Amino acid sequence: MGPLRLEGTPKTPHIDLDPNTGMLEIKGRSIPENSIDFYKPLIDWIDGYSRSPQSKTALHVQLEYFNTSSSKCILDVFKKLEAIRAAGNEVTILWHYEEDDEDMLEAGEDYAGIINVPFKMILIEEVNGQ
Amino acid sequence: MIIRAPFSLLHLCSKEYFRLGMIDRIHDLYDELERQRIMLSFKGSLTTELITALLGMVEHKMELIEPDGRSRKRVFNVVMECLQNLYHHKTVIGQGEGSMDPDPHGVVMIAHLDNGYSVLSGNLMAGGDVERLKQHLDRINALNSEELRDLYKTTLADGRYGTRGGGGLGMIDIARKSGAKLEYGFVPIDKDSAFFSLNVNVTS
């Protein structure tokens, strides 16, 4: 299977899923009115990837905003990764947040409390140029 | 003639009065928006494009007036959820049966207050849904911030909410971002519908 790459828009995040490295990235804003439509290709892709995943998979999530319509879809993405981990692979979710954005940190902690995958909370440093 | 002349005059006068009245009302409306410190106001039927444009305006204005990043994000989040509530609600009613307006209008306003922001929204809704929404809002208002967080997590995890993320996750999120109690009201319109008003305070 090939990578899945989508450019970010004002309402949907940049997506970069690479099956060869196991590096997955969701970055930007996830505030579409119909999140199901947007996330379906991602969920399908991870379904395909889960058949022969890398021994190590890392999902980077760096969201500035996400709406409650996206929150369930994001949970569905995490559940797919949970299944990959349950099959004996190493999976990590790296949840990035800005220094003044405690709400985003809390959102990551909320997911970490629901999903059985190790989360790393990563403070976005200005020096990283992100 | 005796009857028609005064009638015409009256008609003309009332028409003239009405015209002047409308002109005065524009200024009255403007004054009222100023008095209430409304920084953005929208009334009408929403499309996804309009929501994008309105959110762009909110973001731009907030960057100009609010130095605190957390407050900026919270206001943006609350406005976004309110607009998307209106948008999805419109769709639900539009697909329904009965005498409801197939394209009902909602209203969203943001007021800049001394101690923060007030996000006001309103829309027509089916009268039969009022009690359920009221119970949901009362349940949310009875919780402290930690309990609210737990309710958000359990609601998210149980997956029982609808395809658009409905089922009340939106209101829970709005309450979390607000940090204050949700102020709401229902005005009965007729036996089938009511007007729902919501005021969300975001302190800065």
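Which side chains meet in a salt bridge at 3.0 Å, N to O, with A:Lys72 on one end? The partner is A:Asp76, whose side chain meets that of A:Lys72 at that distance. Keep in mind as you look around that this is a predicted model.

**Salt bridges**

Let's stay with that pair for a moment. A:Lys72 and A:Asp76 sit four residues apart in helix 2 (residues 68-86) of chain A, so about one helical turn separates them. A:Asp76 counts as partly exposed, at 22% relative accessibility.

Helix 1 (residues 35-49) of chain A has a pair of its own, A:Lys40 and A:Asp44, four residues apart, or about one turn of the helix. Their side chains meet in a salt bridge at 2.8 Å, N to O. A:Asp44 is partly exposed too, with a relative accessible area of 40%. In general, side chains of opposite charge can pair when their charged atoms come close.

Now for one that involves both chains: the side chains of B:Arg176 and A:Glu106 meet in a salt bridge at 3.0 Å, N to O. This pair crosses from helix 6 (residues 169-178) of chain B, home of B:Arg176, to helix 3 (residues 102-114) of chain A, where A:Glu106 lies. B:Arg176 is buried, with a relative accessible area of 16%, while A:Glu106 is partly exposed at 28%. And the pair has company: salt bridges with shared partners tie A:Glu106, A:Glu109, A:Asp110, B:Arg149 and B:Arg176 into one network.

Here are these three pairs side by side; over all chains, the structure holds 23 salt bridges.

| Salt bridge | Distance, N to O |
|---|---|
| A:Lys40 and A:Asp44 | 2.8 Å |
| A:Lys72 and A:Asp76 | 3.0 Å |
| B:Arg176 and A:Glu106 | 3.0 Å |

**The sheet of chain B**

Over in chain B, five strands make an open sheet in the order 1-2-3-5-4, with antiparallel pairing. Strand 1 (38-44) and strand 4 (183-188) of chain B are at the edges with a single partner strand each, so each has one side without a neighbour in the sheet. From one strand to the next, the twist averages 10 degrees.

How many bridges join strand 4 of chain B to strand 5 of chain B? There are six, and strand 5 of chain B (residues 193-203) runs antiparallel to strand 4 of chain B. If you want a spot to zoom in on, B:Tyr184 stands opposite B:Leu198 in strand 5 of chain B.

**Helices 4 and 6 of chain B**

Helix 4 (residues 130-141) of chain B lies across strand 3 (116-126), strand 4 and strand 5 of chain B, and runs at about 165 degrees to strand 4 of chain B. Helix 4 of chain B also meets helix 6 of chain B: their axes come within 10 Å and cross at roughly 35 degrees, in a right-handed crossing. On the helix 4 side of chain B, B:His136, B:Leu137 and B:Ile140 meet B:Met171, B:Ile172 and B:Ala175 of helix 6 of chain B. Those contact residues divide into five nonpolar, one polar and no charged.

**A last stop in chain A**

Is A:Thr57 buried or exposed? A:Thr57 counts as buried, because its relative accessibility is 2%. This threonine is found in strand 4 (residues 56-66) of chain A. Leaving aside residues up to four places away in sequence, A:Thr57 touches A:Gly22, A:Leu24, A:Tyr49, A:Leu81, A:Glu90, A:Val91 and A:Thr92.

Notes:
Residues are numbered from 1 along each chain as its sequence is written. Chains are lettered from A and ligands numbered from 1 in the order in which they are written. This is a predicted model: local features need pLDDT of at least 70, side-chain atom pairs count only at pLDDT 80 or more; totals for chains, interfaces and linings use all residues. Side-chain values use heavy atoms; hydrogens and water are left out. A salt bridge is a side-chain nitrogen of Lys or Arg within 4 Å of a carboxyl oxygen of Asp or Glu. Helices (H or I, at least four residues) and strands (E, at least two) are DSSP runs, numbered from the N terminus. Buried means under 20% relative accessible area, exposed over 50%, partly exposed in between (1.4 Å probe, protein chains only). Two strands pair if DSSP finds at least two bridges between them. Axes are lines fitted to C-alpha atoms, for helices over the stretch in contact, and angles run from 0 to 180 degrees between N-to-C directions. Contact means heavy atoms within 4.5 Å. A crossing is left-handed if the near helix is turned anticlockwise from the far one by less than a right angle, and right-handed if clockwise. Ala, Val, Leu, Ile, Met, Phe, Trp, Tyr, Cys and Pro count as nonpolar, Asp, Glu, Lys and Arg as charged, and the others, Gly among them, as polar.
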